[in-house]
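Visitor: I am new to this structure and should like to know how its descriptions are justified. May we look at it together?

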Amino acid sequence: MHFSPPTSAVETVAPSHGAPPQGHERAFDVAAYRRKLDAFNHSHNYRMDLDALFSVVREMSFTAILDVGCGTGFMVREARKRHPACRVEGIDRFDFDGEGCWVADVCSVDFSWQRRYDLLTMVHAINHLVDLERAIENLNVLLEPGGHLLIANPNPAFVKIIRTLNAYGHLETRGGDDTVVAYLGAAEIDRVVNRCGLDRVLHREYGEAIRCTVHGTDMVIRERELLSYRKRG
Ligand SMILES: C[S@@+](CC[C@H](N)C(=O)[O-])C[C@H]1O[C@@H](n2cnc3c(N)ncnc32)[C@H](O)[C@@H]1O
């Protein structure tokens, strides 16, 4: 469904179906991206992401969820199954035709007229935002005081090590996503999110582990990070 802001809204939302993503000049193949997301959504790793995410969600109290950068709406459907009493919606800049999924670019849309949510989730989406600060400011308008923003993300340290090992021929190259703008870590996300009055209340690493010894210190670097922020008030 496409966003239909009232006429007073300054920035209306252009249906982005088939449009090139920001920062990418070549034509963007939405059908091919959908196939990629479908495979990802049915992978072992994605199941692990959802298990980690819902283990935290289970402990929260909320009535309305918005999944930001929802892709085809896999997470939206899963949340509806697990929390049938809740209003669950998604938003993505591409029209993947997901039920209850809005089509809008969160970096530019004016949400001030919209209804509110007490839980925003972002599953492998925050690294794809071209203007993170603007997106977080916009999304913050949608979040009720006391509400949560929950982010599941690759751990940038893990990504860097895997890429280095690939470059030296020590591992087979894994598939990546070339629409990632930057691999962000907790500290970088904190800086942006804190400015909007949200405080980090959880940082959990999960998934495959790299164990190494650096200058005599043993370290474990895990594949994924889960970050939860609570809005003050
Ligand atoms: C790697 S995909 C993850 C999709 C979904 N969260 C999932 O787990 O299957 C990243 C998604 O973020 C969306 N996205 C990127 N920038 C966006 C923006 N500015 N506004 C809305 N969605 C955006 C992309 O279109 C894409 O569907």
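Guide: Certainly; please note that this is a predicted model. Let us begin with a helix.

Visitor: How do you know that the span of helix H2 agrees with its number of residues?

Guide: Helix H2 covers residues 44-57, which is 14 residues. At 1.5 Å a residue it should span 20 Å, and its end C-alpha atoms are 20 Å apart, so the two values agree.

Visitor: Which residues of H2 are called buried, and what makes them so?

Guide: They are Asp49, Leu53 and Val57. A residue is called buried because 20 or more other C-beta atoms lie within 10 Å of its own.

Visitor: Why are the buried residues of H2 said to line one face?

Guide: Viewed down the helix axis, they fall within an arc of 70°, and therefore they line one face of H2. These buried residues pack against strands S4 (117-123), S5 (143-154) and S7 (217-231). On the other side of H2, His44, Arg47, Asp51 and Ser55 are exposed.

Visitor: Which residues have the most contacts inside the largest nonpolar core?

Guide: That core has 46 residues, and those with the most contacts inside it are Val68, Ile91, Leu120, Leu139, Leu149 and Ile151. Leaving aside neighbours within four places in sequence, Leu149 is in contact with Leu120, Leu143, Val193, Leu198 and Tyr229. In soluble globular proteins, nonpolar side chains tend to be buried together.

Visitor: What surrounds the ligand?

Guide: There are 20 residues around the ligand, of which Gly69, Gly71, Arg93, Val123 and His128 come nearest. The shell divides into 11 nonpolar, five polar and four charged residues. Helix H1 (30-41), helix H3 (74-82) and strand S2 (87-92) each supply at least two residues of this shell.

Note on methods:
Residues are numbered from 1 along each chain as its sequence is written. This is a predicted model: local features need pLDDT of at least 70, side-chain atom pairs count only at pLDDT 80 or more; totals for chains, interfaces and linings use all residues. A residue is near a molecule or strand if its C-beta atom, placed from the backbone, lies within 6 Å of it. Helices (H or I, at least four residues) and strands (E, at least two) are DSSP runs, numbered from the N terminus. Ala, Val, Leu, Ile, Met, Phe, Trp, Tyr, Cys and Pro count as nonpolar, Asp, Glu, Lys and Arg as charged, and the others, Gly among them, as polar. The expected span of a helix is 1.5 Å times one less than its number of residues. A residue is buried if 20 or more other C-beta atoms lie within 10 Å of its own, exposed if 12 or fewer, and partly exposed in between; C-beta atoms are placed from the backbone. The arc is that of the directions from the helix axis to the C-beta atoms. Two residues are in contact if their C-beta atoms, placed from the backbone, lie within 7 Å. A nonpolar core is a set of buried Ala, Val, Leu, Ile, Met, Phe, Trp, Tyr and Cys residues joined through C-beta atoms within 7 Å.
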